[in-house]
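Hi,

Here is the structure I promised to pass on. Have a look at it first, and then read my notes underneath.

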Amino acid sequence: MSQSLVRAISARKNQLGLGFYYRCSDSRRFHSQEKIIASNGCNRSFLGFTSFPRHGSHLDSFRFSGNLIQPTNGFCSVSLNGVLDSNQCSEEIVIDNGDVSIESLNVEKQPVVVYKKPIDFTKIDAKLLPTVMIIGRPNVGKSALYNRLIRRREALVYNTPDDHVTRDIREGIAKLGDLRFNVLDSAGIETEVSSGTILGRTTAMTANVLARTQFAVLIIDVRAGLHPLDLEVGKWLRKHAPQIKPIVVMNKSESLGESLAEVASEALALGFGEPTAISAETGLGMTSLYEVLRPLLEDYMVETLNDRCSQDDDPSDENVSDDIDESKMPLQLAIVGRPNVGKSTLLNALLEEERVLVGPEAGLTRDAVRVQFEFQGRTVYLVDTAGWLERTERDKGPASLSIMQSRKSLMRAHIIALVLDAEEIIKAKCSMTHSEVVIARRAVEEGRGLVVIVNKMDCLRGKQNSEMYMKIKEAVPIEVQTVIPQITGIPVVFISALEGRGRLEVMNQVIDTYKRWCSRLSTGRLNRWLRKVMSRHSWKDSASQPKIKFFTQVKARPPTFVAFMSGKNQLLESDIRFLTRSLKEDFDLGGTPIRIIQRAVPRTSSGTSGVTGRSPGGRVVPRTTSDKRTVSV
């Protein structure tokens with residue numbers, strides 16, 4: 001910097017009381033008024049003037065957060081002119097009451113981090129991973145490839161040439177070697193269908209989700225060759241997602257030899273490049289698919305991470321606590337019930353988007369769709385299950401697989417939302433049918449929290465239905481408690497999922513039930529409670545009263561307690577029910593199953609000298625050293 005420029009800076013500063021800043025990638029703080037940070041030999045960026053009160057010779061320091069981009073969590077330090085070299089900045093210009101001098105600037109050297117290839121996908125947050133959607137015509141093996149990529153059998157796979165097995169969009173984390181990405185399984189695309197049919201609705205839903213994805217895998221059946229529907233799917237893809245160039249994959253190629261090259265040449269007519277031969281069922285060709293996906297996903301992640309790095313101006317330091325609060329962990333919520341009671345409509349209402357297929361047809365949902373969303377800062381995993389029916393010999397194919405998948409989803413969930421139909425309650429004059437009672441009792445046996453939701457309350461509007469509306473709101477909670485006596489205080493919510501009414505009430509009840517399901521009580525508090533409970537209960541005589549030495553909680557999710565009994569007397573079933581009911585009433589544990597285990601405390605005999613260290617007469621036996629421990633020289 002020339003002397004004339006420094007004089008001009010000093011004169012301007014004395015006249016207006018203004019200071020200006022230069023930015024250097026080494027410096028984390030900017031000094032105004034008396035100190036101007038500059039650099040010798042590195043890129044400088046002029047940040048502008050700012051006014052401030054003068055404080056004599058006091059050196060005021062200011063932290064600039066508008067344009068400074070600091071490295072944090074692996075992100076780079078960037079200036080307006082590009083990435084700066086921190087090894088070149090070594091001087092500062094000091095202006096003190098008009099006197100200018102250049103002094104040495106001792107700045108801590110920090111390397112500039114820029115994301116380059118190769119990228120370790122296993123260390124990237126799942127929210128930043130790219131999304132790959134699997135598309136194709138019906139019955140080409142899309143769900144089989146989805147299961148192969150996520151390494152679990154979650155999507156239903158069944159050979160139905162004349163029907164669609166998959167109807168909803170399934171989402172999961174793919175694990176292909178060291179690659180990690182979000183993978184979506186979609187329904188078969190058929191372009192020549194009307195918009196009101198099931199196939200037309202699934203195709204429209206696939207188009208909406210495809211617009212938010214980055215990559216696509218187009219599957220064709222190599223056994224059938226290039227089908228005319230494959231060409232129609234290619235045209236449909238160019239129309240609805242022109243920004244995506246799909247990867248063409250030839251599935252079911254495990255049994256083809258010389259004819260594979262012929263089909264590959266036919267697949268070039270799609271106009272999406274060379275196809276890749278795989279077998280989703282046996283895993284053949286997964287290495288070739290990895291080699292095709294790896295460079296595309298790496299280029300996307302390098303661009304995404306560097307763009308995110310340039311936008312994080314003021315990173316926040318997150319305090320990570322070693323103590324994990326179980327009530328703050330991700331919540332697994334399963335929506336179960338009989339067919340056509342509004343489970344999928346309820347899931348769309350909770351997400352506030354058309355995520356799953358809905359309609360008047362009974363049994364529309366087949367796959368158990370798992371969706372993640374955030375509610376009041378908490379991660380919630382919603383699982384929409386197929387309609388619960390008793391499995392019979394006539395149920396074969398996709399219907400039988402759906403029933404088995406619904407039962408598995410119930411066992412994996414934390415909270416069960418049992419959906420009832422208000423119209424069916426009026427017709428049957430009964431709150432719960434046999435199948436709904438089976439669902440509720442199985443949830444209790446598995447130790448899950450239970451919330452009952454009465455849907456379709458919008459059908460009871462009007463003056464003629466006002467009396468019936470009030471009767472349902474009064475009778476259903478009482479009848480639910482009568483049918484399920486194992487749990488007291490089961491929350492019952494009345495909603496209209498079609499109109500979106502009651503959404504917040506449902507989630508608030510689910511969160512409250514989950515907190516009670518994760519609750520823990522201290523041993524001292526429990527034993528003080530136990531003394532009060534045992535004193536206020538009326539026993540027949542002192543001999544019939546159980547002798548509980550102490551009471552403690554050994555685990556949560558669900559709350560499990562152990563009663564240590566002294567003597568040979570054990571707790572009867574009536575005693576356990578009394579303690580369970582008292583726990584729920586006194587500690588607000590409604591809607592949560594409680595388990596009480598009893599253990600006997602053995603009495604120590606006074607005649608054993610090996611345990612107590614005393615002789616039978618009560619005299620202390622002196623300890624003697626063994627001769628084997630002495631060493632003779």
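To start with the overall picture: the protein has 633 residues, and 47% of them are buried. Keep in mind as you browse that this is a predicted model. The chain contains 15 helices and 22 strands. Its accessible surface comes to about 33,500 Å², and carbon and sulfur atoms account for 49% of that. I also looked at contacts between residues at least 6 apart in sequence: 72% of these join residues at least 24 apart.

Next, the salt bridges. Searching the whole structure turns up 18 of them. Here are a few you can click through.

One is between the side chains of Glu-361 and Arg-201, with a distance of 2.9 Å from N to O. These two come from distant parts of the chain, 160 residues apart: Arg-201 is in helix H3 (residues 198–210), while Glu-361 is in the loop between helix H7 (343–351) and strand S15 (369–375). Glu-361 counts as partly exposed because its relative accessibility is 30%, and the cut-offs for that class are 20% and 50%.

Another pairs Arg-212 with Glu-353, where the closest N and O atoms are 4.0 Å apart. Here too the partners sit in distant parts of the chain, 141 residues apart, with Arg-212 in the loop between H3 and strand S11 (215–221) and Glu-353 in the loop between H7 and S15. Arg-212 is exposed, at a relative accessible area of 52%, whereas Glu-353 is partly exposed, at 35%.

Then there is Glu-352, which forms a salt bridge with Arg-503; the closest N and O atoms of this pair are 3.9 Å apart. Glu-352 lies in the loop between H7 and S15 and Arg-503 in helix H12 (residues 503–517), so this salt bridge ties together parts that are 151 residues apart in sequence. How do the two partners compare, buried or exposed? Glu-352 counts as exposed, at 60% relative accessibility, but Arg-503 counts as buried, at 18%.

Elsewhere, salt bridges with shared partners join four residues into one network: Arg-152, Glu-154, Arg-170 and Asp-367.

While you are around helix H7, take a look at Asn-348, which is found in that helix. Is Asn-348 buried or exposed? With a relative accessibility of 8%, Asn-348 counts as buried, as the cut-off for that is under 20%. Setting aside its neighbours within four places in sequence, Asn-348 is in contact with Glu-353, Glu-354, Arg-355, Val-356 and Val-358. You will recognise Glu-353 from the salt bridge with Arg-212.

The last stop is Leu-145, in helix H2 (residues 142–150). Leu-145 is buried, with a relative accessible area of 1%. Which residues does Leu-145 touch, not counting those up to four places away in sequence? They are Ile-134, Val-217, Ile-219, Ile-278, Ala-280 and Met-286. There is also a C-alpha distance to look at here: Leu-145 and Gly-283 are 138 residues apart along the chain, and their C-alpha atoms are separated by 8.8 Å.

If you want a place to begin, try the loop between H7 and S15, which holds Glu-361, Glu-353 and Glu-352.

Cheers

Technical notes:
Residues are numbered from 1 along each chain as its sequence is written. This is a predicted model: local features need pLDDT of at least 70, side-chain atom pairs count only at pLDDT 80 or more; totals for chains, interfaces and linings use all residues. Side-chain values use heavy atoms; hydrogens and water are left out. Helices (H or I, at least four residues) and strands (E, at least two) are DSSP runs, numbered from the N terminus. Buried means under 20% relative accessible area, exposed over 50%, partly exposed in between (1.4 Å probe, protein chains only). Contact means heavy atoms within 4.5 Å. Accessible areas come from the Shrake-Rupley method with a 1.4 Å probe; for residues, only the protein chains shown count as cover.
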